[in-house]
Amino acid sequence: MISARKVVVATRKLPDAAEQVLKSEFAARLNKSDRAYTANELIDLAAGADALLVTVTDRIDANLIEALPSSLRIIANFGVGYEHIDIDTARSRGVIVTNTPDVLTEATAEIAVLLMLGAARRAGEGHMLVMQGAWPGWSPTFMMGHGVTGKKLGILGMGRIGQAVAHRARGFDMEIHYHNRKRLPPDREQGARYHDSTDSLFAVSTFLSIHATSTPQTKAIVNARTIDLLPKGAILINTARGDLVDDAAVIAALKNGQLAAAGFDVFAGEPNPHPDYRRAPNVFLLPHLGSATIETRNNMGFLAIENLRAFFAGKEPPNRVA
Ligand code: DGY
């Protein structure tokens, strides 16, 4: 418990359990309506505050950080990805930034597997037919999709989530290939085949699942050139960030058959993905649900609070990224 209650501004409504803890330990400025704040609103709300508890829908850019009051010493992100926060500016202003790794690994891996199965087995199309009363009935050639069992799965970014996806994919006897900045030690590789370049990974990936972080280097890493490297009829899965794929190139490949299907949970320009995805039959799309389980969202809240608690107790926050 912190003696002088620190003022924490939460930019979105948090799960009730997390808000209870936040209110009990801090002077919490909560967002009851859950409407995303504009930069100016957030700057006004931060007056006299000690901390921000932000998330992926906030743009915490250099201008915003520079406009924050000098009392504000820490930005705790509710989420593992923090590309929406200008880390360099925060660092140069001596503002600590934390995130919430680990607690969302399993939930996000579940969604990647759901997308892989849903895209390959045409679950979205099938669901719509039943819901619309348009199911013509069973036939030997009706809605044939692609099997997953025994296929090659390429994992781009073999961090915690990539490894958790690999673990689940082994249950489908998939052959795991991966590219990562660093090769994993054998006990973490568990037989997965390392590729020292993305091109080499793409060339073998009948399924390609993206788990890399969003950086200037990974932006549009899936583009017209790299999609052409995939085996014809590959299936692309994205639970990382939308800006890792070039949407126009993906849509063209879905039309010409270079991609048989795509399963996406994340999009550039959320919540308004490229409109052509809505016209593509061979996609299975979710609205950024990777971490959206009750347990996980509670734990993300608790971990963001744990970082604030540690910082204000004069300790190193457990998940400091800047
Ligand atoms: C994350 O943690 O980065 C997820 O995408 C949810 O925001």
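**Exercise 1. How many bridges join strand β10 to β11, and do the two strands run parallel or antiparallel?**

Solution. The model is predicted, so a local feature needs pLDDT of at least 70, side-chain atom pairs count only at pLDDT 80 or more, and totals for chains, interfaces and linings use all residues. Residues are numbered from 1 along each chain as its sequence is written, and side-chain values use heavy atoms, with hydrogens and water left out.

Step 1. Helices (H or I, at least four residues) and strands (E, at least two) are DSSP runs, numbered from the N terminus. Strand β10 covers residues 234-238.

Step 2. Two strands pair if DSSP finds at least two bridges between them. Between β10 and β11 there are 5 bridges, and these strands run parallel. Within this pairing, Ile237 is opposite Gly263 of β11.

**Exercise 2. Place the strands in their sheet and find its edges.**

Solution. Step 1. The open sheet has 7 strands with parallel pairing, ordered β8-β7-β6-β9-β10-β11-β12.

Step 2. The edges are β8 (193-194) and β12 (283-285); each has a single partner strand, so one side of each lacks a neighbour in the sheet.

**Exercise 3. Describe the surroundings of the ligand.**

Solution. Step 1. Take residues with a heavy atom within 4 Å of the ligand. They are Val56, Gly79, Val80, Gly81, Leu104, Arg241, His288 and Ser291.

Step 2. Sort them by class: 3 are nonpolar, 4 polar and 1 charged. Here Ala, Val, Leu, Ile, Met, Phe, Trp, Tyr, Cys and Pro count as nonpolar, Asp, Glu, Lys and Arg as charged, and the others, Gly among them, as polar.

Step 3. Look for polar contacts (pairs of N or O atoms within 3.5 Å). A backbone N or O atom of Gly81 is 2.9 Å from a ligand oxygen. A side-chain N or O atom of Arg241 lies 2.7 Å from an oxygen of the ligand, and for the side chain of His288 the distance is 2.7 Å.

Step 4. Of the 230 Å² of accessible area that the ligand has on its own, the protein covers 89% (Shrake-Rupley method, 1.4 Å probe).

**Exercise 4. Locate the unusual backbone geometry.**

Solution. Step 1. Most residues other than glycine have a negative phi, and most peptide bonds are trans.

Step 2. Asp34 has a positive phi of about 70 degrees and sits in the loop between β2 (27-29) and α2 (39-45). Asp102 also has a positive phi of about 70 degrees; its loop joins β5 (96-98) and α5 (105-120).

Step 3. The Glu270 to Pro271 peptide bond is cis, with omega near 5 degrees. Pro271 belongs to the loop between β11 (259-264) and α12 (276-279).

Note on methods: Polar contact = N/O pair within 3.5 Å; in protein donor to acceptor, adjacent residues only side chain to side chain.
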